[in-house]
Amino acid sequence: MSKAASVLYDAPGPRAKQRNILITVGFVAALAALAYWILSELSDKNQLAAEKWDPFFTDSRVWTTYLLPGLQETMTAAALSLVIALPLGALLGIARMSDHWWIRRPADVVVEFFRAIPVLILMVFANQAYAEWSTIDREMRPMYAVITGLVLYNASVLAEIVRAGVLSLPRGQTDAANAIGMRKGQTMVHVLLPQAVTAMLPAIVSQLVVIVKDTALGGALLGYGELISNTRLVAGNYSNTIAAYTVAAAIFIAVNFLLTYLAGWLEARIRQGRRGTGAVLSSDLAEETQAGGAGIAAPTLDKGAGLPDGADLPAAQGGAATGGDGETDRTGRTGGSGGREPDDPGHVS
């Protein structure tokens, strides 16, 4: 075992390897016995008979009338919820990091309030609110209620994801942006959020999977025609409850696996793109920071280029910032033959 693989724990010895093999074999055997018992019980109850599964292969109405329309409703509600909740959560997360208390405190209250309430209760209240104070058609009301509940809850969760992703970045990113005169809003939009996207992407995808599954709550209580609700109709019409819900579970697994795979592919592309290209400050943004008086572009100094004592260079050529009394502010050692080390005994402050 390599050193990199054994940093967090000791490499197992011969006896530990034998013990691990025995534990693995025992676990696999126990899992196989459990699966055999479940299949035996289902067979005794006549749940594995061919007639229970035939409708999924011989009757196209099972798919065209129930499962596929239900899947479409599920994905529609999940997609609309994510499209609305993601920017709303980003705004709430940024607001929670504001320096102004009158922005930060209301955002804290909104996030903590809706994150503490179960999604099902939010859907019920939203459905009743639409019934009392809106003119939405009764058939469309469950969909609006489901999307509203999902948006309110998941926006509060995504706000914490965004805040955690931004705060996970090194402090030097913010300091570097401040050094070139970028305002806090510019720093957040152009520096912090683009870098935090990679760190936030797995959590965002996990939340998307939760959204897809939570649409079933609207079907269970509000009569929304999503996948699980339509699966219940299949089970009632064809008397194949186990088979119907097994197929529905397989559909959910396939959809969530596809979402996870696409997110992994997107994350890899983002990381690959950032390794291949460097971050460049656009000319428009540089002109904006200079025109606003917030600061100047970061100075660059070629290695080996020395400066004579008392010499000042323009900021664009790598000169240091000059104070009001004309003295050059030096924060580090300068290389080359013309520079003088700060600890030189002959240096006069």
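Residues 109-131 are 91% helix and 0% strand in this predicted model, and the C-alpha atoms at the two ends of that stretch lie 27 Å apart. Residues 143-162 are 100% helix and 0% strand, with end C-alpha atoms that are likewise 27 Å apart. Both stretches appear in the unreviewed UniProt entry under "transmembrane region", where the record also lists residues 21-39, 77-97, 191-212 and 242-266.

The charged side chains offer a second way through the model. Side chains of opposite charge can pair when their charged atoms come close. The structure holds ten salt bridges. One of them joins the side chains of Asp108 and Arg96, at 2.5 Å from N to O. This pair links distant parts of the chain, for Asp108 belongs to helix H5 (residues 101-116) and Arg96 to helix H4 (residues 61-96), with their positions twelve residues apart in sequence. Asp108 has a relative accessible area of 14% and therefore counts as buried, the limit being under 20%. Arg96, at 13% relative accessibility, is buried by that criterion as well.

Asp108 also forms a salt bridge with Arg105, here at 3.7 Å from N to O. Because Asp108 and Arg105 are three residues apart in helix H5, about one helical turn separates them. Arg105 is partly exposed, with a relative accessible area of 48%, whereas Asp108 is buried.

Further along helix H5, the side chains of Arg115 and Glu112 meet in a salt bridge of 2.9 Å, N to O. Arg115 and Glu112 are three residues apart in this helix, so the separation between them is again about one helical turn. Both are partly exposed: the relative accessible area is 32% for Arg115 and 35% for Glu112. Through shared partners, salt bridges connect Arg96, Arg105, Asp108, Glu112, Arg115, Glu160 and Arg163 into one network.

A final position to consider is Leu48, which is placed in the loop between helix H1 (14-44) and helix H2 (50-53). Leu48 has a relative accessible area of 38% and is therefore partly exposed. Leaving aside residues up to four places away in sequence, Leu48 touches Leu39, Leu42, Ser43 and Trp53. Leu48 and Asn240 are 192 residues apart in sequence, yet their C-alpha atoms are 9.5 Å apart in space.

Definitions and conventions:
Residues numbered from 1 in each chain as written. Predicted model: local features only at pLDDT ≥ 70, side-chain atom pairs only at ≥ 80, totals over all residues. Heavy atoms only, no water. UniProt positions renumbered as here; feature names shortened; annotations may be inferred. Helix = DSSP H or I, 4+ residues; strand = E, 2+ residues; numbered from the N terminus. Buried < 20%, exposed > 50% of the residue type's maximum accessible area, 1.4 Å probe, protein only. Contact = heavy atoms within 4.5 Å. Salt bridge = Lys/Arg side-chain N within 4 Å of Asp/Glu carboxyl O.
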